[in-house]
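Here is the note on the model, set out as numbered points. Please read it beside the sequence and the structure.

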Amino acid sequence: MRLLVTGAAGFIGSTYVRTVLEERPDDEIVVLDKLTYAGRRENLEEVADRIEFVEGAIEDRETVLEAMEGCDAVVNFAAESHVDRSISDQYAFVHTHVLGTSVLLDATRHHGVARYLQVSTDEVYGSIEEGSFTERSPLNPSSPYSATKAAGDLLVSAHVHTYGLEAVICRGSNNYGPRQYPEKLIPLCILNAMAGDHLPVYGDGRQVRNWLYVEDFARAIDLVLREGTPGEAYNVGGPDEEENIEVVRRILELTGRDESLIEHVTDRPGHDRRYSLSSDKVRALGWEPRVRFAEGLERTVEWYRDNEWWWGPIRSGEYREYYERHYGRSLG
Ligand code: NAD
Ligand code: TYD
């Protein structure tokens, strides 16, 4: 298979590319990535000589049509992925998730590509107090991030119904693992704890997330791409649900710090209280998560400890400015 993988210079997309090349060395991969603040060529360093890399945006029709030439499948990871940034400035989210997805779908149809997979999120369903969302739950997004991701999902459904496109959607819960940009809770807290900086916990910290190790999500995406029923969505939820405050405490333990570093800060506006996915449908295809939260978190802390070459330049660049703007204080 020749795959066009968009957004693969980011956290999950780069893990997916490594997974595919390990499991099916004969597959060919073209990566299309705009290299935003979150996209880094270093994430694909180990496989650089086995992929074609095109720098460009999914909303740029000419670039997309050219990159997609000869492909058998498209996997769309390209996105602005941080909820807090969508709250302060939503336009890039609208641009990439709505216009970008539309251009990609249209190009997929134009080239007659057999398969399209949209990488989506549990956040399109909104917050749930008890129980878990299934694929039949209504979309009820709360943030500009999740609203624009939901718009992308609806465009996919429209192309299935109107043009008969063989598209599938994979909705993952919160991912964590190596190479995640440190704006997200887990890497942010690991790096802050290592540096002796405070760990900012929004509100009471009792919000719940359904944590999924990134390699488990990558395997699920590949399975759904190959075995999923065209036109269907598949939820991919992690094996463990944890309150944020508990996640932060475990990070402090793993980094040998005490709880005096925890600082409760102003809550995120419109903060979803709990996410939880039922993954029965993807499990029926033969997937199951292999990494429990305790083990995955240990692996993740170890990776950040061993890979300062990766995060050092980030913590001293754009991220530092973002951090000051968002948290109103400097990184140590
Ligand atoms: P990320 O921010 O690490 O990477 C996003 C990548 O997309 C970057 O390489 C960036 O350069 C690229 N990109 C952004 N806009 C682009 C555009 N217009 N054209 C081309 N490339 C563009 O994000 P991630 O955490 O790896 O998330 C990947 C996908 O998975 C996203 O679609 C996200 O919504 C979804 N998702 C993420 C999570 C999570 O917990 N991180 C959970 C479920 C689903
Ligand atoms: P995040 O990693 O931004 O993912 P998402 O918003 O997509 O779930 O946040 C995970 C949880 O951690 C979420 O409930 C918000 C919370 N959080 C904090 O408490 N402090 C922080 O500094 C950040 C970035 C997140």
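Across which strands does helix α7 lie, and at about what angle to β5 does it run?

1. Helix α7 (residues 214–227) lies across β1 (2–6), β4 (73–76), β5, β6 and β10, and its direction is at about 145° to that of β5. Contact here means heavy atoms within 4.5 Å; axes are lines fitted to C-alpha atoms, for helices over the stretch in contact, and angles run from 0 to 180 degrees between N-to-C directions. Helices (H or I, at least four residues) and strands (E, at least two) are DSSP runs, numbered from the N terminus.

2. The model is a predicted one, in which local features need pLDDT of at least 70 and side-chain atom pairs count only at pLDDT 80 or more, while totals for chains, interfaces and linings use all residues. Residues are numbered from 1 along each chain as its sequence is written, chains are lettered from A and ligands numbered from 1 in the order in which they are written, and side-chain values use heavy atoms, with hydrogens and water left out.

3. The strands crossed by α7 belong to an open sheet of seven strands, paired in parallel and ordered β3-β2-β1-β4-β5-β6-β10, where two strands pair if DSSP finds at least two bridges between them. At the edges stand β3 (51–55) and β10 (233–236), each with a single partner strand, so one side of each has no neighbour in the sheet. On average, neighbouring strands of this sheet are turned by 20° against each other, direction ignored. Within the sheet, β5 (residues 115–121) and β6 (residues 167–172) run parallel and are joined by six bridges; Val 119 has Cys 170 of β6 as its bridge partner.

4. A second open sheet has three strands in the order β7-β9-β11, with mixed pairing. Its edges are β7 (175–176) and β11 (240–243), each of which has a single partner strand, so one side of each is left without a neighbour in the sheet. Strand β9 (residues 208–213) pairs with β11 in the antiparallel sense over four bridges, and Asn 210 stands opposite Glu 241 in β11. Helix α8 (residues 244–254) lies across β9 and β11, at about 90° to β11.

5. Ligand 1 is surrounded by 29 residues, of which Ile 12, Asp 33, Ser 81, Tyr 145 and Lys 149 come nearest; a residue is counted if one of its heavy atoms lies within 4 Å of the molecule. Among the polar contacts (pairs of N or O atoms within 3.5 Å), a polar side-chain atom of Tyr 145 lies 2.7 Å from an oxygen atom of ligand 1, and a polar backbone atom of Ile 58 is 3.0 Å from a nitrogen atom of ligand 1. The protein covers 97% of the 830 Å² of accessible area that ligand 1 has on its own, by the Shrake-Rupley method with a 1.4 Å probe. Strand β5 gives the most to this shell, with three residues.

6. Around ligand 2 there are 18 residues, and the closest are Glu 123, Arg 209, Arg 268, His 271 and Tyr 327. Oxygen atoms of ligand 2 lie 2.5 Å from an N or O atom in the side chain of Arg 268 and 2.6 Å from a polar side-chain atom of Tyr 327. Of the 510 Å² of accessible area that ligand 2 has on its own, the protein covers 97%. The largest share of the shell, three residues, comes from β8.

Terms used:
A polar contact is a pair of N or O atoms within 3.5 Å; within protein, one must be able to donate a hydrogen and the other to accept it, and residues adjacent in sequence count only if both atoms are side-chain atoms.
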